[in-house]
Amino acid sequence: MCPETGRARLSYRRAEEIFEENTRLLANPLASPEDIEDLDGWTLHRLRHPAFTHDAEGGTSAPMLLARSRHASVRSLERYARPGVDAVARHVAERDPAVRRRR
């Protein structure tokens, strides 16, 4: 129970169970609804990957990504923050001195 609102809180473990159960067919698009009990869904932890990738593509600094992800090294952050080819090209183009002079 939340001491401020008096409402029940959803534990991370229970939220994980609910999310996993409700994403089973999404995670397995070729499966039939009858097989739902035998399928695995997505995890909340899996949502970290696209969130940090979007932040990295948006220009969030490595120190900020490290702080938000609670990783100790940039090496461990690599598996989460993986900017795509288009994001890298955009980043390079925005910082190209020749391009900036033409603007």
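A salt bridge is a side-chain nitrogen of Lys or Arg within 4 Å of a carboxyl oxygen of Asp or Glu. In this predicted model, the side chains of arginine 95 and glutamate 94 meet that description, with N and O 3.3 Å apart. Both partners can be placed on the scale of accessibility. Arginine 95 has a relative accessible area of 43%, so it counts as partly exposed, and glutamate 94, at 39%, is likewise partly exposed.

This pair has company, for a search of the whole structure finds five salt bridges. One of them links arginine 14 to glutamate 17, whose closest N and O atoms are 3.0 Å apart. Both residues belong to helix 1 (residues 12-22), where three residues, or about one turn of the helix, separate them. Arginine 14 is partly exposed, with 38% relative accessibility, and glutamate 17 is partly exposed as well, at 33%.

Another salt bridge brings together the side chains of glutamate 20 and arginine 24, at 2.9 Å from N to O. Here the surroundings are of another kind: glutamate 20 and arginine 24 are both buried.

Attention can now turn to a histidine. Histidine 71 sits in the loop that runs between helix 4 (62-69) and helix 5 (74-77). Its side chain makes a polar contact of 2.8 Å with the side chain of serine 69. Leaving aside residues up to four places away in sequence, histidine 71 also touches Arg48, Leu66, Ser76, Leu77 and Tyr80.

Terms used
Residues numbered from 1 in each chain as written. Predicted model: local features only at pLDDT ≥ 70, side-chain atom pairs only at ≥ 80, totals over all residues. Heavy atoms only, no water. Helix = DSSP H or I, 4+ residues; strand = E, 2+ residues; numbered from the N terminus. Polar contact = N/O pair within 3.5 Å; in protein donor to acceptor, adjacent residues only side chain to side chain. Contact = heavy atoms within 4.5 Å. Buried < 20%, exposed > 50% of the residue type's maximum accessible area, 1.4 Å probe, protein only.
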